[in-house]
Amino acid sequence: MQSRRTFIRNLALAIPAYSFAGVLLSSCGTNEKQLKKSKLKIGVIGAGISGLHAAWLLQNEYGYEVEILEASDKIGGRIQSVHDIFGMGSAELGANEIYGQNHDWYKAVQAQAITKPVSNNSNFFSEGVGYSQADMAQNSDYQSMESRLEQMSQTVGSDISVEMYMNQVQVPQKVQFIFKSKSEQMLGTSIDRASILYNSSEGLGKIIETKYKSGISFDEVILRKYQSILPNVLNNTQVTEIDYSGEKVKVTDHLQVAREYDQIIVTVPLSVLKLTSSQAYGIKFHPSLPESKLRAMDGLGMDSGVRIIVQTNKSFWNNESESLFVNGKIGKYDIVKSDIQNNRYLLAATVHGENADILNNMSESEILRLIQAEWKEQIGEEASKSILKHQVVYWGKTPFIQGSFSYHKVGGSNNSRAELAKTIENKVFFAGEACNTSNNSGTIHGAIETAIETVKSIHRLQS
Ligand SMILES: Cc1cc2nc3c(=O)[nH]c(=O)nc-3n(C[C@H](O)[C@H](O)[C@H](O)COP(=O)(O)OP(=O)(O)OC[C@H]3O[C@@H](n4cnc5c(N)ncnc54)[C@H](O)[C@@H]3O)c2cc1C
């Protein structure tokens, strides 16, 4: 049966090109350029945002022949949207927020829909007591926690875990769950696993960026922006072997079909790249990947990530709040939609690191029971009974993805990312969020930045 994603993609392909002409002209402007057709054929492994952007640039800006090999039946990778969740319209199952404005992703979304900044207004629940943002403004423990969190981005010196930092700077016990949850959202893992320096000297750009939500689902943005490259995507083509020992790079898929390219760009997630060829989803490189690259990957982690979407028939937060912090394993819920007239509300939580590992081994109904128990204890009986429907996405178990996004382990650094991104013999190039060395790893725009850099490197070699 055709998946919803395949259906939407086919629908988009069925729409005449002129329907998107405005979008395409405003976003790339290539029609005015005289493209000099290159004889080189480039293979792109993976049709996530970095693979799509690289292929789109190679073809539209520089005139290369490009083929994208994608293992799944979808495009978008860790960007996946659903279009009618519990009768409440669309929602994101993966990436859902835009960090900052000064990049191509924000521009692509803005070209098609209005974006709106996400406020920091939240409600906080612990041991049956609820606190508003205004309550927290008066709370010295909360104020101290916030300043510790901010100072984290200026930390220098020896590398320790974020948890050790939290204990060293004595974040007050009562608000530690907020510190943990806020850090976890930025880091993509739990505080015991991530390096403090990831948030500091080489830190995440997103820690200081304003976040934006859009009025359009992310998959629609992709379908429109990359429409011209979609016919070049070969779905259900899992690359199992990459042989770069000869003049051309030979890429073999799971059906033993071999294709040859002058150069390739590998954009598969870090979690997949780390797998050995004998493990499911692993890719065999011939010759093997350089020792330096393997060591660099050891310094980086990518954990299970679990997205949970719940529908409630009650709101137990202030109208102006955009998120809820709950003192539990599932620490933060974003308020995605509010249908006040019909008393229907959509909340989404993303859990990373240690807690995600626990949830990864639980069924959807076990997770529901956990949420109900946590809400009963931390918010109250009424809240716990308000859940009507729920859906869970296990990113750590999603074929060909196997995790949420990359982070620096203690001892890992931007050098690890730079090594990961290094080209092998001017034939095998690497792109994707984990290769980003400009503080934008773990983001959509960060993945796009690596695609731009890689395409420039390939083109430099030809000139
Ligand atoms: C739950 C969650 C929440 C997130 N929230 C945000 C957010 O709010 N804002 C934000 O900016 N970012 C967010 N991110 C991160 C963002 O989604 C990623 O950084 C970005 O989408 C990564 O793009 P990519 O191209 O590097 O990799 P991917 O999107 O992972 O693309 C890699 C592609 O390679 C394919 N592939 C794998 N193995 C093979 C193979 N053997 N052969 C062929 N193809 C293969 C995969 O199927 C996939 O399509 C979130 C991620 C997750 C999981």
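# A chat about one chain

Colleague: What percentage of the 463 residues of the chain count as buried?
Modeller: A residue is buried if 20 or more other C-beta atoms lie within 10 Å of its own, exposed if 12 or fewer, and partly exposed in between, with C-beta atoms placed from the backbone. This is a predicted model, where local features need pLDDT of at least 70, side-chain atom pairs count only at pLDDT 80 or more, and totals for chains, interfaces and linings use all residues. Residues are numbered from 1 along each chain as its sequence is written. Of the 463 residues, the buried share is 46%.

Colleague: How many helices and strands are there in the chain?
Modeller: Both come from DSSP runs numbered from the N terminus: helices are H or I with at least four residues, and strands are E with at least two. Counted that way, the chain has 16 helices and 23 strands.

Colleague: Which helix is mostly covered, with seven of its eight residues buried?
Modeller: Look at residues 218–225. The buried ones include Phe218, Val221 and Leu223, and also Asp219, Arg224 and Lys225. This helix is α9.

Colleague: Which helix gives the most residues to the largest nonpolar core?
Modeller: A nonpolar core is a set of buried Ala, Val, Leu, Ile, Met, Phe, Trp, Tyr and Cys residues joined through C-beta atoms within 7 Å. The largest one has 64 residues, and Leu52, Ala54 and Ile265 are among those with the most contacts inside it. Seven of the core residues come from one helix, α3.

Colleague: How many residues are in the other core?
Modeller: This core lies apart from the largest one. Ala91, Ile309, Ile330 and Val351 are among its members. Its residues number 52.

Colleague: Which helix gives the most to the shell around the ligand?
Modeller: A residue is near the ligand if its C-beta atom, placed from the backbone, lies within 6 Å of it. There are 40 residues around the ligand, and Gly46, Gly48, Gly77, Ala95 and Gly432 come nearest. At least two shell residues come from each of α3, β17 and α16. With three residues, the helix that gives the most is α3.

Colleague: Why does the shell around the ligand lie between two domains, and which are they?
Modeller: The domain bounds come from an automatic or database domain assignment. One domain spans 4–81 + 216–300 + 407–462 and the other 119–209 + 304–397. The shell lies between them because residues are given to it by both domain 1 and domain 2.

Colleague: Which peptide bond is cis?
Modeller: Most peptide bonds are trans. In the loop between β15 and α11 you will find Pro287. With omega near -10 degrees, the cis bond runs from His286 to Pro287.

Colleague: Is Glu425 buried or exposed?
Modeller: Glu425 sits in the loop between α15 and β23. Its phi is near 50 degrees, a positive value in a residue other than glycine. Because Glu425 has 11 C-beta neighbours inside 10 Å, it counts as exposed.

Colleague: How many bridges join β19 to β20?
Modeller: Two strands pair if DSSP finds at least two bridges between them. These strands run antiparallel, and Lys337 stands opposite Leu346 in β20. Their hairpin has four residues between the strands, and there Asn343 takes a positive phi near 55 degrees. The number of bridges is six.
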